[in-house]
Structures are given as C-alpha cells and as structure tokens.
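Let's take a walk through this structure, one contact at a time. Keep the viewer open and follow along.

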Amino acid sequence: MLEFKQISYSYHTKKGETAAVSDLNFKVGKGQFVSVIGPSGCGKSTILSLAAGLLSPSSGEIITGSGEFGYMLQKDALFEWRSVEQNIFLPLEIKRVNTAEMRAKAVALAEKYGLKDFLKKSPSQLSGGMRQRVALIRTLAAQPEILLLDEPFSALDYQTRLEVCDDVQSIIKSEKKTALLVTHDISEAIALSDKVVVLSSRPAHVVAEHDITFADTPKGRRNDSHFAAMFEILRKELGI
Ligand code: ADP
Ligand code: MG
C-alpha cells in the first residue's frame with residue numbers, strides 16, 4: 001500500500017544542508033493503522049510530505065498504491081466563514097468533483113458520524129473535539145485511500161485528546177481506510193495502532209517496529225495489563 005525503501009531526504013537552504021531522513025525503511029499495509037513515533041524535529045512531518053509526494057526523496061524509492069491521500073493536521077484549519085457543511089464540501093471543490101452525488105455522500109458520512117445537527121452551524125459554535133471530527137469527515141469526503149495524520153490531537157487538552165483520538169481511530173477503522181499517523185505521544189501510538197514504528201533523532205531512521213496485538217479498541221488497550229510494558233519498551237527505544 002505504502003512502502004519507504006531506503007529513503008533519504010535533505011533540506012537545502014542558504015544556511016546549508018539539513019539531513020531530515022536517512023535510510024528509512026518501513027511499510028504500511030492496506031487497512032493498517034500505523035503510527036510513527038519520534039522526538040520533536042526528527043523528521044516526522046517530512047516523512048508525511050514524502051509519502052504524499054509533496055517532497056521527492058534525495059535517494060530511495062517510495063511505493064504507493066493507486067489511491068489518493070488525505071491529510072489531517074494539528075490545527076483543524078476549518079474556515080470560520082463557511083458552515084460545517086461548506087467546510088466538508090471544500091475538498092470536492094478543490095478536486096473538481098463537486099457533484100450532487102459526491103455532496104450527498106459527504107453529507108451521509110457526516111450524518112453517520114453524528115454531525116447531522118451541526119451541518120448548518122459555524123465551526124466557531126463547535127467544541128475542539130467536534131471540530132476535529134469535522135476535519136476528519138472533510139478529509140474523508142474526497143474519498144482518499146490513505147490518511148496521513150500529522151499530530152492531529154496535540155493541540156487538544158488531555159481529556160478531549162483521549163476522546164477525539166479514539167473517535168478518529170474508530171471512524172477510520174469502520175471506513176476501512178489505511179492510516180499513517182505521526183506523533184511524539186507514546187500512549188497515543190500504542191492505543192491507536194496496529195503497528196508502531198520508532199524513529200531515531202534527526203536524521204530519522206527506523207530504530208524498531210512493533211505489531212500491537214493486545215486488546216482491540218483504544219480504550220481496551222489503555223486498560224490492558226500489556227500497556228505499561230509496551231510503553232516502557234518504546235520509551236527506552238526513544239531514549240527518554
Ligand atoms: P518533526 O515533524 O519530527 O518535528 P520535521 O520533519 O518538521 O520534524 O523537520 C525535520 C528537520 O528538518 C528539522 O530539523 C527542521 O528544522 C528541518 N526542516 C523542516 N522543514 C524544513 C524546511 N522547509 N527547510 C529547511 N529545514 C526544514
Ligand atoms: Mg512535525
């Protein structure tokens with residue numbers, strides 16, 4: 001579905017060269033939810049930009065399926081002057097697929113995930129958690145194959161973050177989408193993922209990979225006796 005093979009990437013600026021990614025190898029299988037964890041500044045956002053083709057690798061090969069990418073960011077980036085519904089239609093306009101059929105699908109998706117009563121509202125009338133749900137539904141409206149999530153929960157307060165990340169994960173799973181999440185939050189990665197990929201500090205390469213198989217919901221994971229042990233393993237691999 002998505003594979004990084006010996007990927008390296010350096011930024012070139014007036015001040016010189018910054019190696020952001022070096023000899024990176026990992027795979028994201030179809031329908032998998034994979035989290036990449038690493039320290040701040042190690043190259044996580046760069047990896048998502050490479051996956052989406054916004055940056056081209058300096059060396060190595062990225063293998064992607066035929067499907068399209070959808071991005072979800074830390075800031076929900078909803079447009080305040082548009083209603084929730086108009087926000088959800090935005091990717092349809094950008095991709096020039098703004099047909100009655102696509103709009104109906106987008107509305108059905110919004111209604112399926114509890115946004116029926118919010119469609120005509122302004123984003124400013126919504127809680128932080130609800131806004132992130134709108135942002136996810138907007139991302140899904142264009143029917144991407146793979147979702148790229150760049151620390152989408154890190155701007156939320158702790159309690160909201162738990163609710164929203166569980167919510168987002170369950171929507172992604174029930175829509176059978178493939179997801180690549182980057183985060184610096186170990187607990188979040190364990191709770192949400194089928195697989196966790198641990199990165200080194202910059203330039204990022206893979207230090208370890210773990211399939212997470214215990215419990216089958218984020219809440220179940222957090223309450224499971226294996227959680228603490230996994231947390232310790234990842235913490236040590238991150239060197240913190
Ligand atoms: P992360 O998302 O893990 O915090 P990034 O992928 O954003 O890390 O950045 C990795 C490194 O590349 C950082 O040292 C950052 O300063 C550098 N970097 C990121 N974007 C640019 C850019 N556009 N030009 C130059 N350097 C950049
Ligand atoms: Mg980043």
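A residue is called buried here when its relative accessible area is under 20%, exposed when that area is over 50%, and partly exposed in between. With that cut-off, Phe-4 counts as buried because its relative accessibility is 1%. Bear in mind as you look around that this is a predicted model.

Let's stay with Phe-4 for a moment, since it has an aromatic partner. Searching the whole structure turns up three aromatic pairs. In one of them, the ring centres of Phe-4 and Phe-26 sit 4.7 Å apart with the planes at 20°, so this pair is stacked; the cut-off for that label is planes under 30 degrees apart. Trace the backbone and you'll see that the pair links distant parts of the chain: Phe-4 belongs to strand β1 and Phe-26 to strand β2 (residues 16-28), with their positions 22 residues apart in sequence. Phe-26 is buried as well, at 4% relative accessibility.

Now for a pair with another geometry. How are the rings of Tyr-9 and Tyr-11 arranged? Their centres are 5.0 Å apart and their planes meet at 85°, so the pair is edge-to-face; that label needs an angle over 60 degrees. Tyr-9 is buried, with a relative accessible area of 12%, whereas Tyr-11 is partly exposed at 32%.

Tyr-11 also brings us to the ligand. It is one of the residues around ligand 1, and the others are Thr-13, Pro-39, Ser-40, Gly-41, Cys-42, Gly-43, Lys-44, Ser-45, Thr-46 and Arg-202. Sorted by class, that shell holds three nonpolar, six polar and two charged residues. Zoom in on the backbone here. A backbone N or O atom of Cys-42 lies 3.2 Å from an oxygen atom of ligand 1. A polar backbone atom of Gly-43 is 3.0 Å from a ligand oxygen, and for Lys-44 the corresponding backbone distance is 2.8 Å. Overall, the protein covers 62% of the 560 Å² of accessible area that ligand 1 has on its own. Which elements give two or more residues to this shell? They are β1 (2-13) and α1, and α1 gives the most, with three residues.

Lys-44 deserves a second look, this time for its side chain. Side chains of opposite charge can pair when their charged atoms come close. Lys-44 does this with Glu-151, forming a salt bridge in which the closest N and O atoms are 3.9 Å apart; the cut-off is 4 Å. Lys-44 lies in helix α1 (residues 44-52) and Glu-151 in the loop between β6 (146-150) and α5 (158-174), so the salt bridge ties together parts that are 107 residues apart in sequence. Both ends are out of the way of solvent by the cut-off above: Lys-44 is buried, with a relative accessible area of 5%, and Glu-151 is buried too, at 14%.

How many salt bridges are there in total? The count comes to 14, and two others are worth finding on screen. Lys-95 and Glu-68 meet through their side chains at 3.0 Å, N to O. This pair again joins distant parts of the chain, 27 residues apart: Lys-95 is in the loop between α2 (84-94) and α3 (100-112), and Glu-68 is in the loop between β4 (59-64) and β5 (69-72). Are these two buried or partly exposed? Lys-95 is partly exposed, with a relative accessible area of 33%, and Glu-68 is partly exposed at 44%.

The other is the salt bridge between Arg-82 and Glu-93, whose closest N and O atoms are 2.8 Å apart. Arg-82 lies in the loop between β5 and α2 and Glu-93 in helix α2, so this pair connects parts that are 11 residues apart in sequence. Its two ends fall in separate classes: Arg-82 is buried at 18% relative accessibility, while Glu-93 is partly exposed at 35%.

One last stop is Leu-149, which you'll find in strand β6. Leu-149 is buried, at 1% relative accessibility. Its C-alpha atom is 12 Å from that of His-184, a residue 35 positions away along the chain.

Notes. Residues numbered from 1 in each chain as written. Chains lettered and ligands numbered in written order. Predicted model: local features only at pLDDT ≥ 70, side-chain atom pairs only at ≥ 80, totals over all residues. Heavy atoms only, no water. Helix = DSSP H or I, 4+ residues; strand = E, 2+ residues; numbered from the N terminus. Buried < 20%, exposed > 50% of the residue type's maximum accessible area, 1.4 Å probe, protein only. Near = heavy atom within 4 Å. Polar contact = N/O pair within 3.5 Å; in protein donor to acceptor, adjacent residues only side chain to side chain. Areas by Shrake-Rupley, 256 points an atom, 1.4 Å probe, with all protein chains shown as cover. Nonpolar A, V, L, I, M, F, W, Y, C, P; charged D, E, K, R; others polar. Phe/Tyr/Trp six-rings, centres within 6.5 Å; stacked < 30°, edge-to-face > 60°.
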